[in-house]
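Student: I have a structure open and I'd like to learn how to read it. Can we go through it together, feature by feature?

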Amino acid sequence: MSAAPALHLSGTARIGGTIVFGPVSLEAPAGQWTCLLGPSGAGKSTILRLFAGLAGEVALEGTAEASDGAPLAGRVALMAQDDLLMPWLSALENVTLGARLRGLRPDRDRARAVLARVGLDGHAAKRPDALSGGQRQRVALARTLMEERPVVLLDEPFSALDARTRAGMQDLSAELLSGRTVLHVTHDPAEAARLGQRVLILTEAGLSAIAPPECAPPRPIDAAATLALQGRLHRRLMEA
Amino acid sequence: MRRAAKIAVGVAFGLLAWQALVTLAGLPPYILPGPGRVLTTLWTSRALIAEHALTTAAEVLIGLAIGAVLGGASAILMAAAPLARTLLRPMLVFSQAIPVFALAPILTLWLGYGLWSKIAMALLIIYFPVTSAFFDALMRTPGDWLGLARVMGARPARALWHIRIPAALPGFASGLRLAAVYAPIGAIIGEWVGASRGLGYLMLLANGRARIDLMFAALLVLAAFTLTLHALVDRGCRALARRQG
C-alpha cells in the first residue's frame, strides 16, 4: 500500500444549477481520521462522492484532490451505510470481489486472514442473508481492508447498527484503518466525538472545525472529554 | 405431499364439474364428450397421441432452448452496448406489434412443413418476454453496487459479468417462466397452419373427422405437458436462485 496522502477540497458544488455546498475549503490530513458531521442534505455525501470519483452529476467549481497531486482513482476504498454485499456471493467471495472485478486472481488465503481479523472466523462460506447486520458490516470492513487502499471513505457505515454493535464496529474500524487517510461522514455527534482526530461540521452556513480532545481514538464512550465534545457538537448542529 | 394432494383435489373437482356440465346440460358427445369418454380415448389412442406429442414436445423444447439463449444474449448485448440498444429495441417492439398468427403462413412458406417453422413460431413468441424481462433487470442494478465496482477499479464489462448479470438472473428466470407457457402456443399455431405431425395437427385432424373425444384427449396431453414444462422451468429457476443466494 502506498503512503496515505491528505485530501483537499475547495470550491462550490452544484447539481443542475442548485448549490449543494460551498464555497468551502476542506482538509483531511494524511494518515488521520477526519469526521465530517452535519445535518442531512448539507452535502456531506456529495463530498465523499467527489473524492470517490462517483459524482458525475455534480459540477464542482474548484478542486477535490490528493495532496500529492496524483489521481485518487485506484487509491480509494468505499464503505457505505448499506453494506453493499452481493447477496449471491459468500462472505469470502464478497471480500475478494475487488480482485475479480479487476481481472486478478483472488488471494483467498489473505481474504481468510482478513475475515479472521474482523472476527468472522468460520463465517467465510456464509451468504450475507445468513449473517447479522453487524456481521455484514464486518464483511464490508474486511472487503475494504482487502482493497489495500491508502484512502478510505466512510459514508455513515455504522448508522444502521444497534448501539452495542455500532460501538464494537467503531473500535474495530479505528484499530484496523489506523494509518490511512479516513474521511468519515456521519450525522451522529457521539460517533464523531469517539473517532475523529479532526472533526468538521458542514452546515448551510459553511464548514467549521472543532478541536477534539487530545486522547487517541477510539475514545471511551463514557469519558468526560468524549461526552463534552459530543455535547458541543450536538449544540453546534442544533444551532446551525 | 400436501401440494400433490391439493393438485389431486383440484383435478378431481375439475373432472366432476366437467361431467356435471355434460350430464346436466345434456350435451351430446360430438359437442362436449364427458371426461370418462375422453380418458378412454386417451388410453386407446395412446400410441397415436404419444407420437404426435413427441413432435410438439421437440418443437417446444428446441424453441425454448434457442429462445432462452438468443433472448439472454440479446438482453446482455443491449445492456452492454448503447448502439445495440438503439438497433435492437425497435425490432423487439416490432416483433411484438405483429400478431404471430399472421406470420405463421409466411414461416411455413419459408421453412416448410417440418419442425423448423414451428420452432421459429415458438421462438418468435417467447423472444420478447425473455429479452425484455432480462434486459429490464439488467438495467435495474442498484447504482451503489455499480459505484462500488467503479471505486474498485472495475471495467464496465467486468462489472456486467460479476455484478449486473448475476443480479439480473431473477428477471431472466421470470422471463423463462413466461416462455415455458407461451412456447407451446407458438408450436400449436405453427402446426395448425401447416404440418403433418404434432398435437395441433392431430386436433385439426380429429376435428375434421368429428372425433371430438380425440381432440379433447390431445388437448389434455398438451395442457399436462405445458404445466409440467412450467413446473420444471420454475424448479430450475428456483434452484438457480438458491445457488445464487
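Student: Let's start with one residue: what does B:Ala218 touch, leaving out residues up to four places away in sequence?

Tutor: Keep in mind that this is a predicted model. With those sequence neighbours left out, B:Ala218 touches B:Ile49, B:Leu199, B:Leu202, B:Met203 and B:Ala206.

Student: Which residues have the most contacts inside the largest nonpolar core?

Tutor: The general idea comes first: in soluble globular proteins, nonpolar side chains tend to be buried together. Here the largest nonpolar core has 131 residues, and A:Phe51 and B:Ala218 are those with the most contacts inside it. The element that gives the most to this core is H6(B), with 16 residues.

Student: Some of those partners of B:Ala218 sit in H9(B), I think. Which residues of H9(B) are buried?

Tutor: To call a residue buried, you want 20 or more other C-beta atoms within 10 Å of its own. In H9(B), that goes for B:Leu199, B:Gly200, B:Tyr201, B:Leu202, B:Met203 and B:Ala206. Just after H9(B), have a look at the backbone too: B:Ala210 takes a positive phi of about 60°.

Student: And how do I read the packing of H3(B) on H9(B): at what angle do they pack?

Tutor: Helix H3 (residues 46-80) of chain B and helix H9 (residues 199-208) of chain B have their axes 7 Å apart, at an angle of about 135°. That angle makes H3(B) oblique to H9(B). On the H3(B) side, the contact is made by B:Ile49, B:His52, B:Ala53 and B:Thr56, while H9(B) brings B:Leu199, B:Gly200, B:Tyr201 and B:Leu202. Sorted by class, you get five nonpolar, three polar and no charged residues.

Student: What about H6(B) and H8(B): how do their axes cross?

Tutor: Take helix H6 (residues 115-138) and helix H8 (residues 156-193), both of chain B: the axes come within 7 Å and cross at roughly 160°. Angles over 145 degrees count as roughly antiparallel, and H6(B) and H8(B) are therefore roughly antiparallel to each other. The handedness of this crossing is right-handed. The residues of the contact divide into 22 nonpolar, six polar and four charged.

Student: Zooming out, which elements make up chain B?

Tutor: Chain B has 10 helices and zero strands, so to read it you follow α elements from the N terminus on. Of its 245 residues, 37% count as buried. Its C-alpha atoms fill a box of roughly 75 × 50 × 30 Å along the principal axes. For contacts in chain B with a separation of 6 or more, residues 24 or more positions apart account for 79%.

Student: How many residues of chain B are in contact with chain A?

Tutor: On the chain B side there are 17, and they are in contact with 22 residues of chain A. H7 (143-151) and H8 of chain B each supply at least two residues of that side, and H7(B) gives the most, with seven residues. By class, the chain B side divides into nine nonpolar, five polar and three charged.

Student: One last residue: is B:Arg242 buried or exposed?

Tutor: Count neighbours again: B:Arg242 has 9 other C-beta atoms within 10 Å, so it is exposed. B:Arg242 lies in helix H10 (residues 212-244) of chain B. The C-alpha atoms of B:Arg242 and B:Trp110 are separated by 43 Å, and these residues are 132 residues apart along the chain.

Technical notes:
Residues are numbered from 1 along each chain as its sequence is written. Chains are lettered from A and ligands numbered from 1 in the order in which they are written. This is a predicted model: local features need pLDDT of at least 70, side-chain atom pairs count only at pLDDT 80 or more; totals for chains, interfaces and linings use all residues. Axes are lines fitted to C-alpha atoms, for helices over the stretch in contact, and angles run from 0 to 180 degrees between N-to-C directions. Helices (H or I, at least four residues) and strands (E, at least two) are DSSP runs, numbered from the N terminus. Angles under 35 degrees count as roughly parallel, over 145 as roughly antiparallel, 65 to 115 as roughly perpendicular and the rest as oblique. A crossing is left-handed if the near helix is turned anticlockwise from the far one by less than a right angle, and right-handed if clockwise. Ala, Val, Leu, Ile, Met, Phe, Trp, Tyr, Cys and Pro count as nonpolar, Asp, Glu, Lys and Arg as charged, and the others, Gly among them, as polar. Two residues are in contact if their C-beta atoms, placed from the backbone, lie within 7 Å. A nonpolar core is a set of buried Ala, Val, Leu, Ile, Met, Phe, Trp, Tyr and Cys residues joined through C-beta atoms within 7 Å. A residue is buried if 20 or more other C-beta atoms lie within 10 Å of its own, exposed if 12 or fewer, and partly exposed in between; C-beta atoms are placed from the backbone.
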